[in-house]
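Subject: Structure handover

Hello,

Here is the structure I promised to pass on. Please open it first, then read my notes below.

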Amino acid sequence: MTSGREISVTRTLRDHTMTASTSKAAPAWSCDMLIRLEQNNGRVYSSQYFVSVEEMMRYI
């Protein structure tokens, strides 16, 4: 995230898909980059933003 590059990684196990991606943060956030975690198990979709990898790992 310190490089400022926008990347995306997707992993699928059976019907559960998780995508983690980075993007530039809007000025309202107190950081330069955000991590977006998207989860889909075929019936339920969720999306959450995090300011650090550590914060995202605690959520998972």
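What pattern does the chain follow, read along the sequence? The answer is β-β-β-β-α. In total that comes to four strands and one helix. Keep in mind that this is a predicted model.

**Overall figures**

The chain has 60 residues, and 18% of them count as buried. Along the principal axes, the C-alpha atoms fill a box of roughly 35 × 20 × 20 Å. The accessible surface is about 4,700 Å². Carbon and sulfur atoms account for 52% of that surface.

I also looked at contacts between residues at least 6 apart in sequence. Of these, 15% join residues at least 24 apart.

**Charges**

There are 7 positive side chains and 6 negative ones. The centres of the two sets are 6 Å apart. Side chains of opposite charge can pair when their charged atoms come close. How many salt bridges does the chain have? The count is one. The partners are R36 and E38, and their closest N and O atoms are 3.5 Å apart. R36 is partly exposed, at 25% relative accessible area.

**Strand β2 and the loop before it**

Start with R14. This residue sits in the loop between β1 (8–13) and β2 (16–24). R14 has a positive phi of about 55°, yet it is not a glycine. Most residues other than glycine have a negative phi. So R14 deserves a look when you go through the backbone. Is R14 buried or exposed? It is exposed, because its relative accessible area is 76% and the cut-off is over 50%.

Now go on to S21, in strand β2. S21 counts as buried, because its relative accessibility of 16% falls under the 20% limit. Which residues does S21 touch, leaving aside neighbours within four places in sequence? They are I7, S8, L34, I35 and R36. R36 is also the salt-bridge partner of E38.

**Strand β3 and what lies around it**

Strand β3 covers residues 33–40, and L34 lies in it. L34 is buried, with a relative accessible area of 4%. L34 is one of the contacts of S21. From L34 to E54 the C-alpha distance is 12 Å, with their positions 20 residues apart along the chain.

S3 is in the segment before β1. S3 is exposed, at 55% relative accessible area. In sequence, S3 and M33 are 30 residues apart. In space, their C-alpha atoms are 9.6 Å apart.

S52 belongs to the loop between β4 (45–50) and α1. With 21% relative accessibility, S52 is partly exposed. The C-alpha atoms of S52 and I35 are 6.8 Å apart, and the two residues are 17 apart in sequence. I35 is also among the contacts of S21.

**The helix and the C-terminal end**

Helix α1 spans residues 53–59. M56 is found in this helix. Is M56 buried or exposed? It is buried, with a relative accessible area of 9%. Leaving aside neighbours within four places in sequence, M56 is in contact with A20, I35, L37 and F50. I35 thus appears in the contact lists of both M56 and S21. M56 and A20 are 36 residues apart along the chain, with their C-alpha atoms 9.5 Å apart.

The surface has a nonpolar patch as well. Which residues form it? They are V53, M57, Y59 and I60. Together they have about 410 Å² of accessible area. I60 lies in the segment after α1. I60 is exposed, because its relative accessibility is 55% and the cut-off is over 50%.

**Where to look first**

Three places are worth opening in the viewer. One is R14, for its positive phi of about 55°. Another is the pair R36 and E38, for the salt bridge. The last is the patch of V53, M57, Y59 and I60.

Best wishes

Definitions and conventions: Residues are numbered from 1 along each chain as its sequence is written. This is a predicted model: local features need pLDDT of at least 70, side-chain atom pairs count only at pLDDT 80 or more; totals for chains, interfaces and linings use all residues. Side-chain values use heavy atoms; hydrogens and water are left out. Helices (H or I, at least four residues) and strands (E, at least two) are DSSP runs, numbered from the N terminus. Buried means under 20% relative accessible area, exposed over 50%, partly exposed in between (1.4 Å probe, protein chains only). Contact means heavy atoms within 4.5 Å. Accessible areas come from the Shrake-Rupley method with a 1.4 Å probe; for residues, only the protein chains shown count as cover. Lys and Arg count as positive and Asp and Glu as negative; His and the chain ends are not counted. The place of a charge is taken as NZ of Lys, CZ of Arg, CG of Asp or CD of Glu. A salt bridge is a side-chain nitrogen of Lys or Arg within 4 Å of a carboxyl oxygen of Asp or Glu. Patches are made of residues with over 30% relative accessible area and no salt bridge: like charges are joined within 9 Å, nonpolar side chains (Val, Leu, Ile, Met, Phe, Trp, Tyr) within 5 Å.
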